[in-house]
Amino acid sequence: MIHCEHVSKKIGRKVVLQELNLHIDEPKLVGLVGRNGAGKSTLMSLIAGLELPTTGRVTVLERPAFDQLYVAVNTVYIHPNMTFPTHLSLREICQMGAQFYMNWDCTLSDKLLAYFELPMHQTFQQLSTGMKSMFATIFALSTRAAVTLLDEPINGIDEGLRSEMYRVILKDYLAHPRLMIIASHLLDELEHLLEEIVILHDRQVIVHKNIDDFAASHVIWEGDLSKMLAAYPDALIIERSPFGTDRVVVPSSVTASFTQQAISAKELYLYQTAEKKGTIDDVFSNDE
Amino acid sequence: MQLQDGQLPIYVQIAQWLEIEIIEQRIEAHGKIFSQYQLAEKFNVNPATAGKGLTILLEKELLYKKRGLGMFVMEGARERLMEERLQHGINEQVTALVEEARRLNISKKQLLQLIEQAFRKGGNE
């Protein structure tokens with residue numbers, strides 16, 4: 001379905017992606033995460049066929065992705081900076097979508113837009129940030145595209161509606177399973193929806209796994225730091241406590257008799273992509 | 001419905017929820033259990049995760065598969081689950097209760113009185 005082979009992408013002089021490989025063959029809900037500037041959006045626009053990789057190959061639905069009509073009509077990509085034609089109302093944008101996408105689901109778009117009370121006579125530019133995200137997400141789901149790329153679909157949506165939007169995505173996926181890749185910084189809100197997680201870091205995919213297996217791959221130990229480091233020298237220190245109960249992250253395959261705690265996918269992702277340069281407290285510290 | 005116990009993976013919580021459904025006879029022996037898609041929708045999780053919850057019960061032989069029809073509750077599943085809970089759950093809790101009573105210098109007689117009181121409140125006696 002999606003194959004990225006040895007993909008590198010330079011933007012100006014900056015290498016955004018380097019020798020990246022990613023293969024997804026089945027309809028799934030996949031979470032794409034990475035720190036700011038990790039290249040999530042670049043990867044998505046390569047898969048959507050909007051850009052050519054500098055080197056390497058991106059294949060979507062068995063065809064080279066770039067500038068292919070077949071890929072375009074079977075792919076949808078929404079992101080926080082997207083625009084729709086400025087002279088069209090939301091209703092007209094949907095009509096345009098229905099003409100372009102063969103499987104466009106009118107019932108779904110009508111019902112969702114009415115439920116979330118989006119003003120159909122207004123243009124996209126007139127909407128608030130949260131409403132833009134809602135409209136773009138509803139648009140993307142209504143296309144029923146085989147490859148659905150949602151970059152921060154929940155961007156700016158208020159707390160009350162966020163959980164409803166997640167449920168919309170899940171219910172529509174259950175009704176019509178297809179490949180949905182969701183890039184988001186809100187992994188804790190999203191992780192239960194996902195089957196797989198892809199982590200972009202240092203210009204590459206460093207993790208591509210079933211998300212439950214990913215979270216289960218590590219555990220948190222609690223205890224005395226020196227003893228824990230003696231048991232596993234590569235343990236990642238996450239908390240040093242003055243009361244002697246320090247916390248470290250270790251692979252769950254290591255056995256030891258420390259108190260163990262499960263770790264969430266979000267926590268593990270954050271620890272694995274952390275730059276080792278101290279904490280924010282050091283910035284505010286007056287000690288020399 | 002949202003599962004809350006952050007300590008356990010979601011699929012383990014789903015397995016536990018299903019076990020209670022069986023124990024409380026909301027699904028009888030040979031009754032059809034929820035599909036992974038129904039569970040996914042109910043608990044707001046990915047169907048693959050929900051499927052893992054079902055697999056736990058399947059591996060404990062509490063469920064059986066009928067090809068193309070789904071999964072069903074095994075004969076005697078409820079009794080086995082209750083036995084398992086008796087062994088692990090109640091026994092552990094009683095041991096903890098007795099330990100706590102010793103710490104607080106509560107006599108055996110006093111503890112038994114408390115238990116009787118609790119039974120009366122629950123209206124089970």
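## Domain contact within chain A

In this predicted model, 8 residues of domain 1 of chain A are in contact with 6 residues of domain 2 of chain A. On the domain 1 side, the elements that contribute two or more residues are α7 (187–190) and β9 (196–201) of chain A. Of these elements, β9(A) gives the most, with 3 residues. Sorted by class, the side of domain 1 of chain A that touches domain 2 comprises 4 nonpolar, 1 polar and 3 charged residues.

The two domains of chain A cover residues 2–210 for domain 1 and residues 217–277 for domain 2. Their centres, taken over C-alpha atoms, are separated by 34 Å.

## Contact between chains A and B

The contact between the two chains draws on 13 residues from chain A and 14 residues from chain B. On the side of chain A, α6 (159–175) and α8 (211–216) each supply at least two residues. The most is given by α6(A), with 4 residues. The side of chain A that touches chain B consists of 8 nonpolar, 1 polar and 4 charged residues.

## Overall form of chain B

Chain B contains 5 helices and 2 strands. Read from the N terminus, the order of these elements is α-α-α-β-β-α-α, with the two strands following one another between three helices and two helices.

For a compact globule of 125 residues, a radius of gyration near 14 Å would be expected, but the value for chain B is 19 Å. The C-alpha trace of chain B extends over about 60 × 30 × 25 Å along its principal axes. Of the 125 residues in chain B, 21% are buried. Considering contacts in chain B between residues at least 6 apart in sequence, 55% connect residues that are at least 24 apart.

## Domains of chain B

Chain B is likewise divided into two domains, with domain 1 at residues 10–75 and domain 2 at residues 78–122. The C-alpha centres of these two domains of chain B lie 30 Å apart. Their contact involves 5 residues from domain 1 of chain B and 4 residues from domain 2 of chain B. The contacting side of domain 1 of chain B has 3 nonpolar, 1 polar and 1 charged residues.

## Helix α4 of chain B

Helix α4 of chain B occupies residues 77–103. At 1.5 Å a residue, its 27 residues should span 39 Å. The C-alpha atoms at its ends are 38 Å apart, so the distance agrees with the expected span. A bend of about 35° is nevertheless found in α4(B) at B:Leu86.

Helix α4(B) is hardly covered, as the count of buried residues among its 27 residues is 1. After α4(B) comes B:Asn105, which has a positive phi, near 55°.

How values were computed: Residues numbered from 1 in each chain as written. Chains lettered and ligands numbered in written order. Predicted model: local features only at pLDDT ≥ 70, side-chain atom pairs only at ≥ 80, totals over all residues. Expected span 1.5 Å × (residues − 1). Bend = angle between axes of the 7 residues up to and from the residue. Buried ≥ 20, exposed ≤ 12 C-beta atoms within 10 Å, placed from the backbone. Rg over C-alpha atoms; globule rule 2.2 N^0.38 Å. Contact = placed C-beta atoms within 7 Å. Nonpolar A, V, L, I, M, F, W, Y, C, P; charged D, E, K, R; others polar. Domains from an automatic or database assignment.
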